[in-house]
Amino acid sequence: MLRLAERLYRILLLLYPEAHGREYGPSMLQLFRDLGRDTYRQGGLIGLLRLVARMLVDTAVNAAVENADVLVERSRIMTSQQHARVIVSATMPLMLTLFLSVMNPKYMLLMVAPGSAQPIGWLMTIAVFVLAGAAYVVQRRIFAQSELSAPDPAIDGRMPRLGWSLKRGFALGLSSVFLVLPAVLLVVLGPAYISVRLFLQQ
Amino acid sequence: MPKLVSEGDALPLTPAVFHILLALADQERHGYGIMQEVAAITQDRVVMGPGTLYGSIKRMLKANLIEETEERPDPALDDERRRYYRLTGQGRRVLAAEVQRLSALVSAAQAKHVLGGAEAG
């Protein structure tokens, strides 16, 4: 059980910026290992589950802070062209929503309704997620070319079982949640609110 | 390159930074040692997660409030992979200034009989 919790925490560590993970990842993992061992000894399985829940919150808050720090730091050294590329890539989901809404407001409603079994609803939802992921990759490629091609940092000094590219891809997928979340709020919750209001007005 | 800040500029400290400085006031400690000491000082009211702890440590190293040390309290008993931290002179001055600030606040609260009022209420 402890090993499973440790594996989960290793995955959570991938949410931190690469440089932070390289510098503090092994220490954070060691600390989690110590804490997990003591918590399990004192509180058993329930205690360990509580600890994992606390670590989820701890990681969500602190990984967001660290990623924001990196973005602010990088934005200071960006050229205006790089600024433009990031803004364009990061606002792609928003631009798609605006474009479709201008073309025909009903597309906004279709986007929020994959459950309505309309193919275009599914397609639009997938497109938004793909664009958000692409935005993240573009941002990474502009600023972290060397990081992407760097050898596996091998957290804790041991080679991971998963291949480097698979692990990297998984990390990118998890990290893009930070970009997907605003897109979901913009593209899903906003129009959902509109559809509910329209429904209630009928 | 550590960024030097004056004691006044650093105040008030965030709770995490204050607790870490306080935990390191008497001796150098590793991450888990800091976490345990903070829990002991606060009667388990403050339990920092690894993210909060190492995020704060990173910023404190940058602000030259703490430094990493190679010394080990007992090298034979300790895991050499652990990283130990200790206060710098700047960190000690900032901690003293923060304690003084908090002490002045406690004095002001006492002058207003805040504790007496709470007990009576």
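**Reading the interface and the largest cavity**

Modeller: Between chain B and chain A the count is 5 salt bridges. The model is predicted, and every value here is computed from it.

Colleague: How should I read a salt bridge, and which residues form one with D34(A) or E23(A)?

Modeller: Side chains of opposite charge can pair when their charged atoms come close. Here the side chain of D34(A) meets that of R82(B), at 2.8 Å from N to O. Over all chains, the structure holds 15 salt bridges. Another is formed by R83(B) and E23(A), whose closest N and O atoms are 2.7 Å apart. R83(B) sits in the loop between β2 (66–69) and β3 (84–87) of chain B, while E23(A) belongs to helix α2 of chain A, so this pair joins two chains.

Colleague: How many residues of each chain are in contact, and what area is buried between chain B and chain A?

Modeller: The size of an interface is often given as the accessible area lost when the parts come together. In this model, 22 residues of chain B are in contact with 21 residues of chain A. The area buried between the two chains is about 1,700 Å², with carbon and sulfur atoms giving 50% of it. On the chain B side, Y32(B), P50(B) and Y54(B) supply 34% of the area that chain B buries against chain A, more than any other three residues.

Colleague: How many residue pairs are in polar contact across the interface, and which elements of chain B give two or more residues to it?

Modeller: Across the interface of chain B and chain A there are 9 residue pairs in polar contact, counting pairs with both residues at pLDDT 80 or more. The elements giving two or more residues to the side of chain B that touches chain A are α3 and α4 (50–62) of chain B. The largest share of that side, 11 residues, comes from α4(B). By class, the side has 9 nonpolar, 6 polar and 7 charged residues.

Colleague: How is empty space found, and what is the volume of the largest cavity?

Modeller: Rolling a probe the size of a water molecule over the atoms shows where empty space is left. The structure holds 2 cavities of 30 Å³ or more, and the largest has a volume of about 70 Å³.

Colleague: Which residues line the largest cavity?

Modeller: Among them are S27(A), D34(A), Y32(B), Y54(B), R82(B) and R83(B). Both α2 (18–76) of chain A and α3 (31–41) of chain B supply at least two residues of the lining. The most comes from α2(A), with 4 residues. The lining residues divide into 3 nonpolar, 4 polar and 4 charged. D34(A) and R82(B), both in that lining, are also a salt-bridge pair.

Methods
Residues are numbered from 1 along each chain as its sequence is written. Chains are lettered from A and ligands numbered from 1 in the order in which they are written. Side-chain values use heavy atoms; hydrogens and water are left out. On a 1 Å grid over the protein atoms alone, a cavity is a set of points where a 1.4 Å probe fits but cannot get out, and a pocket is an open set with protein on both sides within 12 Å along at least five of seven lines; lining residues have an atom within 4 Å of a point. Grid points are joined across faces, edges and corners, and a volume is the space filled by probe spheres set on the points. Ala, Val, Leu, Ile, Met, Phe, Trp, Tyr, Cys and Pro count as nonpolar, Asp, Glu, Lys and Arg as charged, and the others, Gly among them, as polar. Contact means heavy atoms within 4.5 Å. Buried area is the accessible area (1.4 Å probe) that two parts lose on being put together, summed over both. A salt bridge is a side-chain nitrogen of Lys or Arg within 4 Å of a carboxyl oxygen of Asp or Glu. A polar contact is a pair of N or O atoms within 3.5 Å; within protein, one must be able to donate a hydrogen and the other to accept it, and residues adjacent in sequence count only if both atoms are side-chain atoms.
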